[in-house]
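Work through the exercises below with the sequence and the 3D structure at hand, and try each task before reading its solution.

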Amino acid sequence: MTTKRVKEILSWYSADNAGTKANLARMLSHGRLAGTGKMVILPVDQGFEHGPARSFAPNPAGYDPRYHFELAIDAGCNAYAAPLGFIEAGAAEFAGDIPLILKLNNSDTLAKTGDPISALTGTVDDALRLGCAAIGFTIYPGSGEAKHAYEQIRDLAEEAKAKGLAVVVWSYPRGGGMSKDGETAIDVVGYAAQIAAQLGAHVIKVKPPTAFIEQAEAKKVYEKEKIPIKTLAERARHVVQCAFAGRRIVIFSGGAAKGKAEILEEIRGLADGGSFGSIVGRNSFQRPRTEAIELLHEIMDVYASA
Ligand code: FBP
């Protein structure tokens, strides 16, 4: 049964067809957080994005694609997101067990380039063939190549929506013209969330923002309007506001592996600020399986009681 809260969230996407809404509902109605309007997603594209050893050596079970399907299912995640190869390796075996998000673009980190752009590595029809609920797509606002990515997601989102799929956008500011601290600056993360919303994303994924402000013009406004950004909860609230006043699902990424206390404190801040959930990759699959499931459950409990 679709809960009242899920129906309310679906009502924000009034332009979408029944298929897209049903697929959004599938993700919102699956796992331990089903029906709450909150989501915890397992993303495993790091093998492509960071390389296999950096991703899977800390817990070698993760070299096997089936491991991640089972982890996401057993932990009670709302969805599992991965590139074509990983999804193809388990979609039939685990058909119907968990909503899937096919990441349609990916980039590697073999060479350092100032202006990153991802390659298209899958199609909307792949997502349909594999029974996915959504397509996933990364944009790098601030990159000199961002224009191409914006145009690619325009076309892919149009096709995905016409074919009844949902659209999840990873919005990661990056590029030669941006400082390292700027990638997670509050003004930049808020801007990234707005761009993803304007590109038609149903679910927007950004990194937890810091209190740093990157752009001088933005800094003046944050100071003049006294926008509260001191605590993580305040910053998360601001980012959610930047994505259509909370009328888009905004979730935050887990980041590099860290201690349990630190990650739970971060999750509490995000949840207090109205985050719709988290997408936790390395902090889950790089831990031994039982520890990972325990941590994911604790993360879900924080969201469930927020
Ligand atoms: P993590 O929880 O491991 O950070 O995963 C979330 C994610 O968005 C992945 O989908 C992606 O591969 C990764 O972050 C990118 O991280 P980075 O920006 O550090 O390369």
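**Exercise 1: Cysteines**

The count of disulfides comes to zero in this structure, which is a predicted model. Task: explain why cysteine 132 has no bond to the closest cysteine sulfur, and state whether cysteine 132 and cysteine 242 are buried or exposed.

Solution. Begin with the cut-off, since a disulfide requires a pair of cysteine sulfur atoms within 2.5 Å. The closest cysteine sulfur to that of cysteine 132 belongs to cysteine 77 and is 16 Å away, so the two are too far apart for a bond. Next, turn to accessibility, where buried means under 20% relative accessible area. Cysteine 132 has a relative accessibility of 4% and therefore counts as buried; cysteine 242, with a relative accessible area of 18%, is buried as well.

**Exercise 2: The ligand and its shell**

Task: describe which residues surround the ligand, and find polar side-chain atoms that lie beside its oxygen atoms.

Solution. Start with the shell, in which 16 residues surround the ligand, the closest being Asp45, His50, Tyr172, Lys205 and Lys207. Sorted by character, the residues of this shell comprise five nonpolar, five polar and six charged. Then inspect individual atom pairs: lysine 207 places a polar side-chain atom 2.4 Å from an oxygen atom of the ligand, while for histidine 50 the corresponding distance to a ligand oxygen atom is 2.6 Å, and for arginine 174 a polar side-chain atom likewise lies 2.6 Å from an oxygen atom of the ligand. Finally, consider cover: of the 470 Å² of accessible area that the ligand has on its own, the protein covers 90%.

Notes
Residues are numbered from 1 along each chain as its sequence is written. This is a predicted model: local features need pLDDT of at least 70, side-chain atom pairs count only at pLDDT 80 or more; totals for chains, interfaces and linings use all residues. Side-chain values use heavy atoms; hydrogens and water are left out. A residue is near a molecule or strand if one of its heavy atoms lies within 4 Å of it. A polar contact is a pair of N or O atoms within 3.5 Å; within protein, one must be able to donate a hydrogen and the other to accept it, and residues adjacent in sequence count only if both atoms are side-chain atoms. Accessible areas come from the Shrake-Rupley method with a 1.4 Å probe; for residues, only the protein chains shown count as cover. Ala, Val, Leu, Ile, Met, Phe, Trp, Tyr, Cys and Pro count as nonpolar, Asp, Glu, Lys and Arg as charged, and the others, Gly among them, as polar. Buried means under 20% relative accessible area, exposed over 50%, partly exposed in between (1.4 Å probe, protein chains only).
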